[in-house]
Amino acid sequence: MPVRTVRQRCRAALTGLVALAATAVVTLCTAPSAAAAGTWTEIGSDRADPLTESQGLTSVEVPSGSPNRYTGIGTIPFGVLVRGWNHVGDPDATRDGYYVEPYQRDSGAMKMYRVQAPDGTWSEYLHALGPGEARNNSWVAISPDGQWMLSGEWGTMNRLLVFPTPAVNPATSPSADLPQAATVHLDHAVRDVQGCDFVDATRLLCSSDDPEGSLFGMTKPLLQIDLSAAPSGAADVTGHVTALRRLPLRSSCSGSFETEGVDFDRRTGTLRVIVMSPGFCVLTDSMTYRFTRA
């Protein structure tokens, strides 16, 4: 083989190695660090009832001393169920005591948000699906100021939807369609998000039921979404997505787990996530896991 050809190949190989090293440095600088996986540390768990605690949960601040609230098929009022609203998702509550549950049904082009006011009265707000909007209604997350509500769609998505918070934002009325006000454009696709909750005005923690693991290198991840600005309804914002860790998947049964709702209690700094066990064990060892920031 001619010397010149060997030298050319060696030079090309060295150039390739330098480029690979540079790429690795860039990746290390831009990708989530390994330490990010330890940001939220598991501190305990409580059994999750498959009928009444299998979909979502939220901490309630008003009135003081209120217990945590959960949703499941067993919490859907009969009068709501017979009208076709057969799925309730992960709820949320404002800091002044308004409680919101998201509902979906198997047909039609509407979603429903059911709201309980601090005085105990209930009201219902309907949202007509926009072009290309999925019918499912898995969760709501209310901004710390109480005025805006985020919601997501099932499947692989690059956006979150922003609505005025029903019964709280003065632009809403039970007699009018609840309009989408803005969009959160995500910089990384997410899959099968089952719940989100605000940590502060621009940060969300979300539970993903992703069974594939191709998006973040892990199945069932806990996600963090950092917004470019607090939602205002006046303009779209962007969201930077980071996978923090895999959620616990422990059971006496083998098979497919299902991650459900998430709640962050700002008073204690405790994060809670529901994980339903596979098979028969959904009845025996489904759990609400508790985490704290390390």
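## Surroundings of Glu153

Beyond its neighbours within four places in sequence, Glu153 is in contact (heavy atoms within 4.5 Å) with Lys111, Gly132, Glu133, Ala134, Asn136, Arg159 and Leu161. The model is predicted, with local features needing pLDDT of at least 70 and side-chain atom pairs counting only at pLDDT 80 or more, while totals for chains, interfaces and linings use all residues. Residues are numbered from 1 along each chain as its sequence is written, and side-chain values use heavy atoms, leaving out hydrogens and water.

Glu153 lies in the loop between strand E10 (148–151) and strand E11 (156–164); strands (E, at least two residues) are DSSP runs numbered from the N terminus. Glu153 counts as buried because its relative accessibility is 4%, where buried means under 20% relative accessible area, exposed over 50% and partly exposed in between (1.4 Å probe, protein chains only).

## Polar partners of Glu153

The side chain of Glu153 reaches the backbone nitrogen of Ala134 at 2.8 Å. With the side chain of Arg159, the Glu153 side chain also forms a salt bridge (2.8 Å, N to O), defined as a side-chain nitrogen of Lys or Arg within 4 Å of a carboxyl oxygen of Asp or Glu. Arg159 is partly exposed, at 24% relative accessibility, whereas Glu153 is buried.

## Other salt bridges

Across the whole structure, 13 salt bridges are found. Side chains of opposite charge can pair when their charged atoms come close. One such pair is Asp46 and Arg290, whose side chains meet at 2.9 Å, N to O. This pair links distant parts of the chain, with Asp46 in strand E1 and Arg290 in strand E19 (residues 287–293), 244 residues apart. Asp46 is partly exposed, with a relative accessible area of 37%, and Arg290 is likewise partly exposed, at 25%.

A salt bridge also joins the side chains of Arg267 and Asp265 (3.0 Å, N to O). Arg267 is partly exposed at 43%, while Asp265, at 11%, counts as buried. In addition, Arg191, Asp210 and Glu212 are linked in a network of salt bridges.

## A nonpolar surface patch

Leu51, Ile73 and Leu81 form a nonpolar patch on the surface, together offering about 260 Å² of accessible area, computed by the Shrake-Rupley method with a 1.4 Å probe, for residues with only the protein chains shown as cover. Patches are made of residues with over 30% relative accessible area and no salt bridge; nonpolar side chains (Val, Leu, Ile, Met, Phe, Trp, Tyr) are joined within 5 Å, and like charges within 9 Å.

Within this patch, Leu51 is found in the loop between strand E1 (40–47) and strand E2 (56–58). Leu51 is exposed, its relative accessible area being 52%.

Methods. Helix = DSSP H or I, 4+ residues; strand = E, 2+ residues; numbered from the N terminus. Polar contact = N/O pair within 3.5 Å; in protein donor to acceptor, adjacent residues only side chain to side chain.
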